[in-house]
Amino acid sequence: MMDVHAPLSLVFMLCSLFTEGLSNSCIGRCGQGVNTAYNCQCNSACVRYNDCCSDYDALCLGATCSGRCGLTHDTTKPCQCNAPCVTYGDCCSDYQSLCQGQTTVDALSAVMQDLWNSDTNRLRDSDYTISTTGSRLFTYVNQTALNKPTFQGLIRLLDNYNIVVGQTEQPTTSELAEVDDFMNTILATPVMAKTFTFLANNGHITNSNSVFRNTLMELWFNLYPRSSTGPTDSSGFEHVMVGELKGTSTVSGFHSWIQFYLEEKNGNLLYESFIIRKEPNMIATAISWHGIKKTKASFFLGTSPEFDMAVYTICSLVHRDSLCKFTLQNQAVSIQTWDIAHKSGYQIGSAYPSI
Ligand SMILES: *[C@@H]1O[C@H](CO)[C@@H](O)[C@H](O)[C@H]1NC(C)=O
């Protein structure tokens with residue numbers, strides 16, 4: 001049955017549009033001379049006189065992403081609507097709301113499930129055992145399963161960082177080569193191939209392999225200062241996959257199960273207590289790393305490095321600075337990502353399962 005109130009509210013809406021709406025809008029007035037019958041103006045002089053209507057940029061200059069999400073750079077437009085605009089700082093003001101909110105939960109769930117199914121490097125359930133009640137979390141890990149190239153690539157990077165916040169990172173030539181090798185191995189996996197296709201098809205990156213690689217490099221390996229006034233001491237990879245020590249009381253980041261396992265084995269990490277386990281393969285624990293406590297470190301268990309990075313990368317680009325919600329293995333999953341706001345471009349400040 002039709003809602004009888006609808007036509008009435010439509011009349012009210014139209015009335016208010018005519019009484020205030022149109023006199024405050026550039027609809028049908030772009031480029032017209034000054035007209036004092038209106039509250040605001042719509043020609044180029046309005047910028048100087050500071051009396052442009054609020055929709056002047058969008059309507060008269062084309063400064064909007066309406067209908068332009070993911071399209072390549074358009075020099076005739078004052079602002080852009082594809083992923084590189086984040087790097088170049090020339091996104092239209094509605095880029096975030098119009099283009100980044102476009103990927104539906106269903107589409108996100110579909111790609112995440114696809115990544116999960118393609119993650120043939122993930123350890124099988126029989127490849128590791130954990131004990132949430134003992135003094136060690138990992139009681140067994142199949143060493144052969146860690147010999148896969150992407151695991152070895154990640155493990156080689158783990159000692160490349162100065163984990164103390166406030167101390168400048170100075171990567172050596174061989175460390176940079178290790179990053180390059182790691183990138184080559186993960187980019188060769190089906191997980192990363194699917195990630196590329198998804199991001200390109202949904203307008204989050206340009207459809208180019210080199211753009212994909214550069215985007216990953218910027219998100220994960222571009223060094224930045226963790227605090228806005230500090231030295232260049234951090235990166236997305238260091239924070240998320242390695243972990244950082246801030247002062248004498250804070251462990252920051254630390255969201256890789258591989259790093260957890262290895263540091264526990266090396267005696268640098270103490271499993272303090274269990275917090276929560278959620279399927280598929282997510283866990284949060286309290287830890288003490290180099291003697292410093294973290295009340296909640298959450299991560300995926302047994303997943304491959306490329307899977308973790310793919311999930312966090314997609315969430316960063318689709319739901320920047322917010323919760324990225326989807327369904328995986330019929331379970332609700334929430335991933336939180338953060339951008340480092342004080343450095344231009346897009347570097348991952350953090351990314352982890354929100355459980
Ligand atoms: C350990 O992992 C390797 C490689 O995935 C596999 O071939 C082997 O059967 C596993 N060992 C055990 C004891 O499960």
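**Nonpolar cores, domain contact and ligand shell**

In this predicted model, the largest nonpolar core (buried Ala, Val, Leu, Ile, Met, Phe, Trp, Tyr and Cys residues joined through C-beta atoms within 7 Å; buried if 20 or more other C-beta atoms lie within 10 Å of a residue's own, with C-beta atoms placed from the backbone) has 71 residues, and those with the most contacts inside it are Ala310, Val311, Tyr312, Ile314 and Cys315. Helix H13 (residues 305-318) gives the most to this core, contributing nine residues, where helices are DSSP runs of H or I with at least four residues, numbered from the N terminus. At least three residues of the core come from each of domain 1 (5-99) and domain 2 (105-353), with bounds taken from an automatic or database domain assignment. Residues are numbered from 1 along each chain as its sequence is written. Local features need pLDDT of at least 70 and side-chain atom pairs count only at pLDDT 80 or more, whereas totals for chains, interfaces and linings use all residues.

The C-alpha centres of domain 1 and domain 2 lie 40 Å apart. Their contact (C-beta atoms within 7 Å) takes 10 residues from domain 1 and 10 residues from domain 2. On the side of domain 1 that touches domain 2, helix H4 (residues 84-88) gives the most, with three residues.

The ligand is surrounded by Ser126, Asp127, Asn142, Thr144 and Ala145, a residue being near a molecule if its C-beta atom lies within 6 Å of it.

Definitions and conventions. A residue is buried if 20 or more other C-beta atoms lie within 10 Å of its own, exposed if 12 or fewer, and partly exposed in between; C-beta atoms are placed from the backbone. Helices (H or I, at least four residues) and strands (E, at least two) are DSSP runs, numbered from the N terminus. Two residues are in contact if their C-beta atoms, placed from the backbone, lie within 7 Å.
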